Amino acid sequence: AKSSYTVDSSPVNPGLVKIDYEAITTDVFGFTNVGVGLFGLMKGRSSYISTAYFDGNVWIEKGLDMNGMEYYNVYAIEEDEE
């Protein structure tokens with residue numbers, strides 16, 4: 001998928017990540033830029049991820065599930081071992 005993102009730095013909702021989907025295609029059986037089923041419906045749409053915490057190494061996102069329960073996902077940068 002080709003997409004772009006912005007991170008809100010305003011005092012209203014700091015850390016809100018907005019992902020804009022520009023094209024969702026694939027290359028298959030010698031054809032290029034083939035739309036990917038229902039995912040193609042996302043073209044031109046946006047998704048939002050609410051950030052609870054970010055320090056450059058750890059990112060914690062928060063959200064609400066379909067029942068209104070709050071959840072958190074934690075992501076960490078994996079350091080390359082050389």
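**Exercise 1.** How much area does the chain expose, and what share of it do carbon and sulfur atoms supply?

*Solution.* We're working with a predicted model, where local features need pLDDT of at least 70, side-chain atom pairs count only at pLDDT 80 or more, and totals for chains, interfaces and linings use all residues. Residues are numbered from 1 along each chain as its sequence is written, and side-chain values use heavy atoms, with hydrogens and water left out. Now the area: using Shrake-Rupley with a 1.4 Å probe, the chain exposes about 6,900 Å². Carbon and sulfur atoms supply 56% of that.

**Exercise 2.** Work out which elements the chain has.

*Solution.* Start with the DSSP runs: helices are H or I with at least four residues, strands are E with at least two, and both are numbered from the N terminus. The count comes to zero helices and seven strands. Reading from the N terminus, that gives β-β-β-β-β-β-β.

**Exercise 3.** Place Tyr21 and Glu81, then decide for each: buried or exposed?

*Solution.* First, the locations: Tyr21 sits in strand E2 (residues 17-23), while Glu81 is in the segment after strand E7 (70-76). Next, the cut-offs: buried is under 20% relative accessible area, exposed is over 50%, and partly exposed lies in between (1.4 Å probe, protein chains only). Tyr21 has a relative accessible area of 18%, so Tyr21 is buried. Glu81 has 80%, so Glu81 is exposed. For the whole chain, buried residues make up 11% of the 82 residues.

**Exercise 4.** Find the separation between the C-alpha atoms of Tyr21 and Ser47.

*Solution.* Along the chain, Tyr21 and Ser47 are 26 residues apart. In space, their C-alpha atoms are separated by 8.2 Å.
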